[in-house]
Structure formats: C-alpha cells, structure tokens
Amino acid sequence: VSHTVTVHGLRRVSWARYSLWYDREATSLYFAPGDSFKGRVYSKPQMRFSSSGLATNGKVHFYDKVWTVPSSVQYDSGAYPILDYGIVLNATAQSIASVDFADLKAQTLASPSGLVLNGNATIVLEGTTMKITNIPNGWTNRVVTIPENGIVYAKAYSYTKTTYDYRGRATTTTVNEAGDITVSGPTGLNGQLTLVSENDINIVGHIRYASNPETNPNSDDKLGLVAQDSVVVQTAAPNNLEVYAHILCKNGGFGVYNYNTGSSRGTLKIYGGIANLIRNAVGTVGSTGYLKNYIFDSRFVRNPPPFYPKVTDEVEWDWWEG
C-alpha cells in the first residue's frame, strides 16, 4: 500500500522568522507595560511582567504565539500579558550556536559582487548606495553601490601604521581592528542587504527603508544585521529611534549603551525582529532608555534578507495535499 503526499512551498526556516528570540538575560528579565510584540517570541529564561506604569501604558501585548522553556511566568498583580495566540510552557530548548560566520564569509567571497571589508567600517545607507569609511582600504565616505548579491562582511584585520615625530623619526605600530560595523540609514535603504560583522554592529542613527512596508505591502527593501557578538544602540542615536531590520547576535545581544542613565529616550521601534543569545536591556521601567515597540516584518517568513542564517533542522511549508 502506498500513499503520496505533495508539500507545496517547502523551505528551511530562517532566524528572521522570530520577532524575539533569546537564550539568556544579562539583567533581570522584565517586560515593561506598553511593550508590544507582533511576531513569534521564544524565551529560554523565565518571563517577568512588571506593573510599574501599567495604568498609563497598558499591559504587555503579544500579537503572535509565544514559547518559553520554563513551566511558568512571573507577573505583578494585574500585569499578566495579553496573549492573542496563547503561550507554550515547557517548550523545547533551542540553540543559536549553529550560525556559521566562516560560511557567511565564504558565501560573500564566492560571488563576484561580494564585498569583504578589512577591519572596522562605518556605513551610511542611502538608497541604492552606501557611504563607507574603512581605514585599511583608504576609504572615507566612499560611495559604493549595494552589492548585487546583497551581503557585506567586515572581518577582523591587523595592519601596521607608521607615524613621524617633529624630527622625522618613524614609529611603527600594529593596529588590530575587530571588524566592527557602525551603521545608520535615515534616508532609507533601497534594496536588499545583509551586513555581517565578526564582532559588533553599532547603530548611531535611524535605519529606514526607501519604501516603508508598513504603508506599501509591495516594498522589497530588506535589511539584516548579523553580529558575531552584539548589536548596540549608541548614545549618538536619536530619541524615538526607528530601526527597520532583522537583528541576529550569536554570542552577545541587542541592547542600548548606557540604557540606565539620563532620562527617557522615547520609543525604540524595531520593524523586523531580534534573535540573540543574551537579552540586553534597552531601558529601565519608565525612567531611562527606551520603551519597546517591536513589530515583526511578516515578509521575512518567506523571504528573509540575503544569506540570512537558517535554523538547524527546521522546515516549514505553505500547504500540503494527499
């Protein structure tokens, strides 16, 4: 006896499938009133929900399904979150360890249009081009077209630097750069791009798309930020920051530098998603840093940014028959 089943739209699952994914937390894992998540969420640590500011900002709201490895969540009186699609407790633990940076670099080099940068780089996204400052290449605000294959890789690099004193005597030193990327894109990316850093990615300004997918469902602009360590919002970034991208941090996490100093910085809008090993903080409850408004980019379910890492041994499909 035989039976045939036909599966349509079979594909490997990308890490861009998650609105929020994290394995552990660097600080107490509190969700603040007013936080919202429009995409699926996975949490290995226990989730905790604060009531501070509840009357003003309302409950935490999850618009998609939630998975958490512990058998329960903690919440203050009245602060139990709104769960549109419920929550799965005792979920199977997952791992981000399979993300392979050597493979990402190899894929970048395999294409004639692949761009591998030596050392640290500052990148400003402007439509179909980007301005790159990269000292080892001798680039200062060099205008470069978005690569045809849609990936830029910054690798760790060492080089020698010679300086001269007032008598003309030379001093040669070795400079070690980790491959950090500093990025902004306030005028909007027009195209599809993934930025990969062998260390950190630093956000210093708005990162937007030329065509906003929130108002134009036909937008094909996409951005991925993939860091071997962390993605950090620096103090130079503006209040009410907008970041349109999916963010992945293999060994670190996404967070805000000096999140617990100064005054409130408004809302941090992430239109895309975040997958990170460590959940770093973006603010304190109602006092400093940012409130979160994390919106999942549903386009990434089927079409993630270029070369975006895949989840090990997980596939999904559109429909089946038979």
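This report describes the overall dimensions, one hairpin and two contrasting loop residues of a predicted model.

Residues are numbered from 1 along each chain as its sequence is written. In this predicted model local features need pLDDT of at least 70 and side-chain atom pairs count only at pLDDT 80 or more, while totals for chains, interfaces and linings use all residues, and side-chain values use heavy atoms, with hydrogens and water left out.

**The chain as a whole**

The chain holds two helices and 30 strands, where helices (H or I, at least four residues) and strands (E, at least two) are DSSP runs numbered from the N terminus. The radius of gyration, taken over C-alpha atoms, is compared with a globule rule of 2.2 Å times the number of residues to the power 0.38; for 322 residues a compact globule would have a value near 20 Å, and the 21 Å of the chain agrees with this. Along the principal axes, the C-alpha trace spans about 75 × 60 × 35 Å. Among contacts (heavy atoms within 4.5 Å) between residues at least 6 apart in sequence, 64% join residues at least 24 apart. The accessible surface comes to about 14,800 Å², of which 47% belongs to carbon and sulfur atoms; such areas come from the Shrake-Rupley method with a 1.4 Å probe, and for residues only the protein chains shown count as cover.

**Burial and two loop residues**

Buried means under 20% relative accessible area, exposed over 50%, and partly exposed in between (1.4 Å probe, protein chains only); by this measure 46% of the 322 residues count as buried.

| Residue | Loop | Relative accessibility |
|---|---|---|
| L10 | between β1 (6-8) and β2 (11-14) | 55%, exposed |
| V99 | between β12 (87-88) and α2 (101-110) | 2%, buried |

Leaving aside residues up to four places away in sequence, V99 touches W15, L248, K250 and P309. V99 and V204, 105 residues apart in sequence, lie 25 Å apart in space, C-alpha to C-alpha.

L10, by contrast, belongs with V5, V7, V315, W317 and W320 to a nonpolar surface patch that has about 600 Å² of accessible area together. Patches are made of residues with over 30% relative accessible area and no salt bridge, like charges being joined within 9 Å and nonpolar side chains (Val, Leu, Ile, Met, Phe, Trp, Tyr) within 5 Å; a salt bridge is a side-chain nitrogen of Lys or Arg within 4 Å of a carboxyl oxygen of Asp or Glu.

**The hairpin of β18 and β19**

Strands β18 (residues 157-164) and β19 (residues 170-177) run antiparallel and are joined by eight bridges, two strands being paired if DSSP finds at least two bridges between them. T163 stands opposite T171 in β19, and among the five residues between the strands of this hairpin G168 takes a positive phi near 85°.
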